[in-house]
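Here is a friendly walk through a protein model for someone meeting it for the first time. Have a look at the structure, then read on.

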Amino acid sequence: MTTFFIKTFGCRVNQVESQAILEQFLRAGYKPADSFETADICVLNTCTVTHQADKDVEKQIRQILRRNPSARLVLTGCYAMAHKAEVQKKFPQAEIVGKYELGRVLFNEEDVCWTVSGHEGHSRAFIKIQDGCDCFCSYCIVPFARNEKRSKPLADVLSEIKTLEEKGFSEIVLTGINIGNYRCSQTGADLAELCDYVARQPGTFRIRFSSIELQTVTGGVIAAMAARPDRFCNYFHLPLQAGCDKVLQDMNRHYDTAAYRARVADLRSKVPQIGIFADVIAGYPTETEQDFEDTVRFIREVKLAGLHVFSYSPRPGTKAALLKQLPPEEIKRRAEALRALDKELRAAFAASLVGTEQVVFMEERKDGLPHGITSNFQQVVLEGENLPRRGLVRAKIVRAEGALCYGAVV
């Protein structure tokens, strides 16, 4: 029996795609290998969001070529597609295959089906509803690898939710490269209309959005969330990148700080106890010390619940890579300052929830204690006896220690 090995690098979208590839291999009668060293086919689903991501992929490629040279090596994903000619020259033994050609190349089918029936190794399930981005932010390589926008048909999304809910997944994450650009090719439904359909689906489950761009969070999306707090998590991850209008303009972001502040205020007024998190980049080439201080001040003003901090990394082919770069030690200093701010924000958010009741998704056990996340993405340890290991549980938050909350089942 032919054996296969899949290695995933990078984002949730890649993880969902790898799950779909895994399921397709199994349906075709292939067997998972114990490691890349024993596999007949090795598929690397790659990432190129940072220089380190490139290095991680290349290290894995070299290991496979050295320890299993007879394996069929297939590279897909952003690293492979954004630098195709360079990668092919560097690793001529590898096959470079686009995501939408994998079905034909591996299984003699027109397309890999990106619908999944589970999520290997995860307690939550993820559904890829959209692919592609053409925003071309000046620092971002993704549009060079995924510039063709596609959306999963509405009926397929609803069917996938039904399958996952019936398998016991009580939290389902809708993900994509730019999910706010969702547009069903068959019905024309946008994300707000998709939410309306999801709200009417039977079953006990809740929906969480992955990262979503500010300008695509429409009134319709917010209204759907507000109308069904049991169905939609009161959580948004709204990429900020910088809290300074000059730097946002240099980055080719399509909003300013006033728009971001207004959207955050609107969300808080309509969605109670919402957790709003953000990406932020430290050390963009044109960011001065004053610009950085403005970003820190802005983040404090809008009182975000937490940050995902990226140290700026020049990506060849992007406009920002042509600019004079800041010293690495300065980028590191700013990133460390933002990570310290992140700890402060998370602790403040955790403290704000003490005394409230929250619906906690039981995710895993840490140090022998039941552990989960609230709808607004707060990490919680539940105390008590005979606690369920999985599913949704209503709990009262009794105390907070740093960024962690402790709760008792109601």
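How many aromatic pairs does a search of the whole structure find? The search turns up 16 aromatic pairs. Keep in mind as you read that this is a predicted model.

## Rings that pair up

Let's start with tyrosine 30 and phenylalanine 107. Their ring centres sit 6.3 Å apart and their planes are at 85°, so this pair is edge-to-face. Along the chain the partners are distant, 77 residues apart: tyrosine 30 is in the loop between H1 and strand S2 (31–32), and phenylalanine 107 belongs to helix H5 (residues 102–107). Phenylalanine 107 counts as buried, at 11% relative accessibility. These two rings also have company, since ring pairs link Phe4, Phe25, Tyr30 and Phe107 into a cluster.

Now for tyrosine 235 and phenylalanine 377. With ring centres 4.9 Å apart and planes at 35°, this pair counts as tilted. Tyrosine 235 is in strand S10, while phenylalanine 377 is in the loop between strand S14 (369–374) and strand S15 (379–383), so the pair ties together parts 142 residues apart in sequence. Tyrosine 235 is buried, with a relative accessible area of 8%, whereas phenylalanine 377 is partly exposed at 23%.

## Salt bridges across the chain

The structure holds 36 salt bridges. One of them joins the side chains of arginine 146 and glutamate 17, at 3.0 Å from N to O. Which parts of the chain does this pair tie together? Arginine 146 is in the loop between helix H6 (142–145) and strand S7 (150–151), and glutamate 17 is in helix H1 (residues 12–27), so the linked parts are 129 residues apart in sequence. Both arginine 146 and glutamate 17 are buried. They also belong to a network of salt bridges that links Glu17, Lys99, Lys128, Asp131 and Arg146.

Another salt bridge brings together the side chains of arginine 315 and aspartate 54, at 2.8 Å from N to O. Here arginine 315 comes from the loop between strand S12 (306–311) and helix H13 (328–352), and aspartate 54 from helix H2 (residues 51–67), so this pair ties together parts 261 residues apart in sequence. Arginine 315 counts as buried at 2% relative accessibility, and aspartate 54 counts as buried at 9%.

## A salt bridge inside one helix

Next up are glutamate 166 and lysine 162, whose side chains meet in a salt bridge at 2.6 Å, N to O. Both residues lie in helix H7 (residues 154–166), four residues apart, or about one turn of the helix. An α-helix has 3.6 residues a turn, so residues three or four places apart point the same way. Are these two residues buried or exposed? Glutamate 166 is exposed, with a relative accessible area of 54%, and lysine 162 is partly exposed, at 47%.

## Helix H11 and its buried side

Helix H11 (residues 257–270) has 14 residues. From its first C-alpha to its last, H11 reaches 20 Å, close to the 20 Å expected at 1.5 Å a residue. Which residues of H11 are buried? They are Thr257, Tyr260, Val264 and Leu267. These residues cover an arc of only 95° around the axis, which puts them on the same side of H11.

What covers the buried residues of H11? The cover includes helix H9 (219–227), strand S10 (235–237), helix H10 (245–250), strand S11 (275–282) and helix H12 (289–302). S10 may ring a bell, as tyrosine 235 lies in that strand. At the start of H11, a side-chain oxygen of aspartate 256 reaches to within 3.3 Å of the backbone nitrogen of alanine 258.

## Histidine 254, in the loop before

To finish, step back to the loop between H10 and H11, where histidine 254 lies. Histidine 254 is partly exposed, with a relative accessible area of 43%. The side chain of histidine 254 reaches the backbone oxygen of asparagine 252 at 3.4 Å. Leaving aside neighbours within four places in sequence, histidine 254 is in contact with Cys135 and Gln215.

How far is histidine 254 from alanine 408? Their C-alpha atoms are separated by 43 Å, and the two residues are 154 residues apart along the chain.

Technical notes
Residues numbered from 1 in each chain as written. Predicted model: local features only at pLDDT ≥ 70, side-chain atom pairs only at ≥ 80, totals over all residues. Heavy atoms only, no water. Helix = DSSP H or I, 4+ residues; strand = E, 2+ residues; numbered from the N terminus. Expected span 1.5 Å × (residues − 1). Buried < 20%, exposed > 50% of the residue type's maximum accessible area, 1.4 Å probe, protein only. Arc of directions from axis to C-beta. Contact = heavy atoms within 4.5 Å. Polar contact = N/O pair within 3.5 Å; in protein donor to acceptor, adjacent residues only side chain to side chain. Salt bridge = Lys/Arg side-chain N within 4 Å of Asp/Glu carboxyl O. Phe/Tyr/Trp six-rings, centres within 6.5 Å; stacked < 30°, edge-to-face > 60°.
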